[in-house]
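Here are some short exercises to work through with the model open beside you. Try each one before reading its solution.

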Amino acid sequence: RGCEPLIAVLKNPSELAGIRREAAFALGLIWTGKGMAALVEALRDPAAEVRRTAAEALGNLENPEAIGSLVAVLEDESEEVRREAEKALERLRQIG
């Protein structure tokens, strides 16, 4: 229940990208299935900073279910997003 406001902010396209980015960061600190789903969806956000933070947050959750979504982001147009997805995948490989 505590993550619902964060998910709402993350999914709201009228929020500033920086606010959506902060919501993604916060969701990476608390594990919930709904939060993870919102982060996966945020990997397609129009703002690269939101996509990058969503990739980082997914790595922080250490849930191997995120691997497929992170692999897809390796072809993102933003080098920063691709780099963060690589880091997240490496974290997930380490937990194994």
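**Exercise 1.** Which backbone nitrogen lies 3.3 Å from a polar atom of the side chain of Ser78?

*Solution.* A word on the ground rules: this is a predicted model, where local features need pLDDT of at least 70, side-chain atom pairs count only at pLDDT 80 or more, and totals for chains, interfaces and linings use all residues. Residues are numbered from 1 along each chain as its sequence is written, and side-chain values use heavy atoms, without hydrogens and water.

Step 1: find Ser78 in the loop between α5 (67-73) and α6; helices here are DSSP runs (H or I, at least four residues), numbered from the N terminus.
Step 2: look from the Ser78 side chain to the backbone nitrogen of Glu80, 3.3 Å away from a polar atom of that side chain.
Step 3: check the surroundings. Ser78 has a relative accessibility of 14%, so it counts as buried (under 20% relative accessible area; exposed is over 50%, partly exposed in between, with a 1.4 Å probe and protein chains only). Leaving aside residues up to four places away in sequence, Ser78 touches Ala48 and Arg51 (heavy atoms within 4.5 Å).

**Exercise 2.** Describe how α4 and α6 are arranged.

*Solution.* Step 1: the axes of α4 (residues 48-61) and α6 (residues 79-95) come within 8 Å and cross at roughly 5°. Axes are lines fitted to C-alpha atoms over the stretch in contact, and angles run from 0 to 180 degrees between N-to-C directions.
Step 2: the two helices are therefore roughly parallel, the label for angles under 35 degrees.
Step 3: list the partners. Residues of α4 including Arg51, Ala55 and Glu56 meet residues of α6, among them Val81, Glu84 and Ala88.

**Exercise 3.** Which residues of α2 are buried, and how are they placed around the helix?

*Solution.* Step 1: in α2 (residues 17-27), the buried residues are Arg20, Ala23, Ala24 and Leu27.
Step 2: look down the axis of α2. The buried residues fall within an arc of 100°, so they line one face of the helix; the arc is that of the directions from the helix axis to the C-beta atoms.
Step 3: see what that face meets. The buried residues of α2 pack against α1, α3 and α4.

**Exercise 4.** What is the phi of Glu62?

*Solution.* Step 1: locate Glu62 in the loop between α4 and α5.
Step 2: its phi is positive, about 55°, although Glu62 is not a glycine. Most residues other than glycine have a negative phi.
Step 3: Glu62 is partly exposed, with a relative accessible area of 46%.

Key
Parallel < 35°, antiparallel > 145°, perpendicular 65-115°, else oblique. Polar contact = N/O pair within 3.5 Å; in protein donor to acceptor, adjacent residues only side chain to side chain.
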